[in-house]
Amino acid sequence: MAEPALVLWDIDATLLTIRPLGREIHAAAFAATIGRPLRERAATTGRTERAILLDTLRLNDAPTDERTLAALYEAMGRAARALEGRMREIGRPLPGAAAAVAGLAADRVTQSVVTGNLRSVTEAKLRAMDLAEHLDLTVGGYGDDGLDRAVLVRRAVARAEAVYGQVFGPGRIVVVGDTPYDVQGAHDAGVRSVAVATGETTAAELAAAGADAVLPDLTDLAAFRHAAFGSIWTARW
Ligand SMILES: [Mg+2]
């Protein structure tokens, strides 16, 4: 690797899917924390867990103070760990995801996540799908870092630069995601955006959202490398 590079993966509908277990995690955590069943869940796609939980608490006439939120975060982690076995049964890594992560690891690219999920839930999902090995989850941006994905991207970059003791130069930080929110978060934070059409957003919509590159999925590693690093990608990386 000529210069350090950092790839920050979104999780849901980019690397894996565990649908419909996301709702079960919320329902179990809400019931354990608030003491009654979850009635209604806020929209989740592309949003951070902090935003989802605050809206969900309001929709269910529950308190939204920081202490309740912290208790709910703890309960989310416990619920996700308890559901890991079912994640393995029902969930799946998306096509090409494992090979793409392993390929970048072989290229000596630093990899972590920018996800609306909490770190505890991220760890459970990635472990269940056998995708955790090459991702450094001690850095990364998570759903309790803020409401805006650009904040998560900036946190992830700052954490990676502090831990690795190096600066990732222009064009060498790439966010990979499946929604226009991932694209916007990357660009608002001044980094490159690769979009994959493996979620609910079409390739045309992701291109219209301004992604630097759009791929149908992660199955073509050479295409992914070029999408991620453009003309600075070379075989002598
Ligand atoms: Mg996603």
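Let's start with a pair of helices: H7 and H8 pack at an angle of about 55°, and their axes are 8 Å apart. Because of that angle, H7 counts as oblique to H8. As H7 passes H8, the crossing is right-handed. On the H7 side the contact is made by Arg149, Ala150, Leu152 and Val153, while H8 brings Tyr181, Asp182, Gly185, Ala186 and Asp188. Sorted by class, the contact of H7 with H8 has 5 nonpolar, 1 polar and 3 charged residues. Please keep in mind, here and below, that this is a predicted model.

With that pair in view, we can step back to the whole chain. The protein is divided into domain 1, made of 6-17 + 93-232, and domain 2, which covers 21-88. Taken over C-alpha atoms, the centres of the two domains are separated by 24 Å. Where they touch, domain 1 gives 19 residues and domain 2 gives 16 residues. Which elements give two or more residues to the side of domain 1 that touches domain 2? They are helix H6 (119-128), together with the two helices from the opening paragraph, H7 (149-164) and H8 (180-188). H6 supplies the largest share of that side, with 6 residues. By class, the side of domain 1 that touches domain 2 is mixed, with 7 nonpolar, 6 polar and 6 charged residues.

H6 is a good place to look across to helix H3. H3 and H6 pack at an angle of about 10°, with 8 Å between their axes. An angle under 35 degrees counts as roughly parallel, so H3 is roughly parallel to H6. In this pairing, Met76, Gly77, Ala80 and Arg81 of H3 meet Ser120, Val121 and Ala124 of H6. The class count for the contact of H3 with H6 is 4 nonpolar, 2 polar and 1 charged residues.

H3 (residues 66-82) has another partner, helix H1 (residues 21-34): these two pack at an angle of about 130°, and their axes are 8 Å apart. That angle makes H1 oblique to H3. The crossing of H1 and H3 is right-handed. From H1, the residues in contact are Ile25, Ala28, Ala29, Ala32 and Thr33; from H3, they are Thr68, Ala71, Leu72, Ala75, Met76, Ala79 and Ala80. What classes of residue make up this contact? There are 10 nonpolar and 2 polar residues, and no charged ones. Met76 and Ala80 deserve a second glance, since they appear in the contact of H3 with H1 and also meet H6.

Now let's turn to the strands. An open sheet of 5 strands runs in the order S4-S1-S5-S6-S7, with parallel pairing. Its edge strands are S4 (110-113) and S7 (213-215), each of which pairs on one side only. On average, and with direction ignored, neighbouring strands of this sheet are turned by 20° against each other. If you would like one pairing to inspect, take strand S1 (residues 6-9) and strand S5 (residues 173-177), which pair in the parallel sense over 4 bridges. There, Leu8 stands opposite Val175 in S5. Helix H10 (residues 221-229) packs on the sheet, touching S1, S5, strand S6 (192-196) and S7. The direction of H10 makes about 160° with that of S7.

Two details of the backbone round off the tour. Where is Pro20 placed? Pro20 sits in the loop between strand S2 (16-17) and H1. The peptide bond leading to Pro20 from Arg19 is cis, with omega near 10°. The other detail concerns Arg108, which lies in the loop between helix H5 (97-106) and S4. Although Arg108 is not a glycine, it has a positive phi of about 65°. Both are backbone features to look up in the model: the cis bond from Arg19 to Pro20 and the positive phi of Arg108.

Conventions:
Residues numbered from 1 in each chain as written. Predicted model: local features only at pLDDT ≥ 70, side-chain atom pairs only at ≥ 80, totals over all residues. Axes fitted to C-alpha atoms, helices over the stretch in contact; angles between N-to-C directions. Parallel < 35°, antiparallel > 145°, perpendicular 65-115°, else oblique. Left-handed = near helix turned anticlockwise from the far one by under 90°. Contact = placed C-beta atoms within 7 Å. Nonpolar A, V, L, I, M, F, W, Y, C, P; charged D, E, K, R; others polar. Domains from an automatic or database assignment. Pairing = 2+ DSSP bridges.
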